[in-house]
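Q: I have a structure open and want to learn how to read the boundary between its parts. Where do we begin?

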Amino acid sequence: MNKVYLDNNATTMIDPEAYEAMLPFLGENFGNPNSLHSYGNATHAALGRAMDQLYAGIGAKDSDDIVVTSCATESNNWVLKGVYFDILKEQKNGKNRIIVSSVEHPAVGATAAFLESLGVEVTRLDVDHNGLVSPQALKSVIGDDVALVSVMNANNETGVIFDIKSMAEIAHAYGALFHTDAVQAVGKIPVNVAESNVDFLSFSAHKFHGPKGVGGLYIKNSRELTPLLHGGEHMGGRRSGTLNVAGIVAMGKALENSVKFLDFERSQVRRLRDKLEDAILEMSDTYVVGDRQVRVPNTILASIKGVEGEAMLWDLNQAGIAASTGSACASESLESNPIMEAIGADAELAHTALRLSLSRFTTEAEIDYAIEVIKKATNRLRAISSSFSYAPSWHKSGL
Ligand SMILES: *Cc1c(COP(=O)(O)O)cnc(C)c1O
């Protein structure tokens, strides 16, 4: 087996149909959709279809509630900074605080820290043993001084799913807006903005088999939000910049197809994920973060005692398998991952993190091969690890 891609939470391969759909707009159909001539008309019609696919994909009603952006990082920045300009800067209605989870993607986490540097009060919600924030935890810290609550729909490292519907309800009871970064949920589990009643929802095409450099923000009732990008009249003046027509057309197709495969995701992708996870847990001194029933179907954040995450990645890569350590080991510092910390793990555990993320394109043969390689690498690396001894202290989780 030459190449196995198990890093789908970082980015995904492009859906061949989405790829085909975008080609004409990189070639002969180069018109600016805002132009009032035949070149513009061709692109205008395709954009309309793509927007319909986006609305259907996340259950938004067809008004002006979705604004296309360049990525989810932009969408997340826009929500936090927009709420800053609209409410926090002037402390409207006494609101000078936001609440975020402690395990947000940096696109939310670092933006919250930036607002903090401008004088906004930021409350960070800790996670429990599953890497989750309970609605109860939000209830215990929220107050009328809160303008925005931002909690992700599913976590990029662990795959755990947050109860955003309950949290949106709590936020609304205190007159706060609710935002969710749904990048890791869209295309993996059903996402419906009408049902969850969120005010803002971010998504990114390249996490659901669309191209890179295009994403979106759902804004309930096309509420006014101070733009991040001022300029022309694109997207109703809310997000200026000539539209990425090819990217948007491909994103629409990719979302439509991903939603068609949600049942497959829940059955087949999950079955393969569980097979791989079972094989890891069968080895001694291994651990998986988050109960299976609270996770998206494609993700495993495992820890294999005595095996440095980086060393495992090296062995996997030698065998043609792409995986990740999650962001647990992304930094050079010895600071441990908040999720790992929350489940009571020490620094060693955080350094043995291995994230494996599947997609609907992952095959059973690939998983069988990955199991074989991971077992071999574990034996090899444990044999040369000075710190590892078989202490039967770890309990099994993830079942
Ligand atoms: C990948 C990711 C992002 C960033 O998306 P981009 O479109 O690459 O900016 C944001 N949030 C989460 C949870 C992600 O996994």
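A: Begin with charge pairing. This is a predicted model, and across the interface of domain 1 and domain 2 the rule finds zero salt bridges.

Q: How many residue pairs are in polar contact between domain 1 and domain 2?

A: Look for N and O atoms within 3.5 Å. Here the count is twelve residue pairs, with both residues at pLDDT 80 or more.

Q: Which elements give two or more residues to the side of domain 1 that touches domain 2?

A: Helix H9 (262-282), strand S10 (299-304) and helix H11 (338-342) do. By residue class, that side of domain 1 has 13 nonpolar, ten polar and six charged residues.

Q: What are the bounds of domain 1 and domain 2?

A: A domain need not be one continuous stretch, so check the ranges. Domain 1 takes in 4-11 + 262-384, and domain 2 covers 16-260. The contact draws 29 residues from domain 1 and 30 residues from domain 2.

Q: How far apart are the C-alpha centres of domain 1 and domain 2?

A: They lie 28 Å apart.

Q: What area do domain 1 and domain 2 bury between them?

A: About 2,400 Å², with 55% of it on carbon and sulfur atoms. On the domain 1 side, Leu262, Val296 and Ile339 lose the most area to domain 2. Together they make up 27% of what that side buries.

Q: Now the whole chain. How many helices and strands does the protein chain have?

A: The protein chain has 13 helices and twelve strands. Its radius of gyration is 22 Å, close to the 21 Å that the globule rule gives for 399 residues, so the chain is as compact as a globular protein of that length. Its C-alpha atoms fill a box of roughly 70 × 55 × 35 Å along the principal axes.

Methods:
Residues numbered from 1 in each chain as written. Predicted model: local features only at pLDDT ≥ 70, side-chain atom pairs only at ≥ 80, totals over all residues. Heavy atoms only, no water. Contact = heavy atoms within 4.5 Å. Buried area = accessible area lost by both parts, 1.4 Å probe. Salt bridge = Lys/Arg side-chain N within 4 Å of Asp/Glu carboxyl O. Polar contact = N/O pair within 3.5 Å; in protein donor to acceptor, adjacent residues only side chain to side chain. Helix = DSSP H or I, 4+ residues; strand = E, 2+ residues; numbered from the N terminus. Nonpolar A, V, L, I, M, F, W, Y, C, P; charged D, E, K, R; others polar. Rg over C-alpha atoms; globule rule 2.2 N^0.38 Å.
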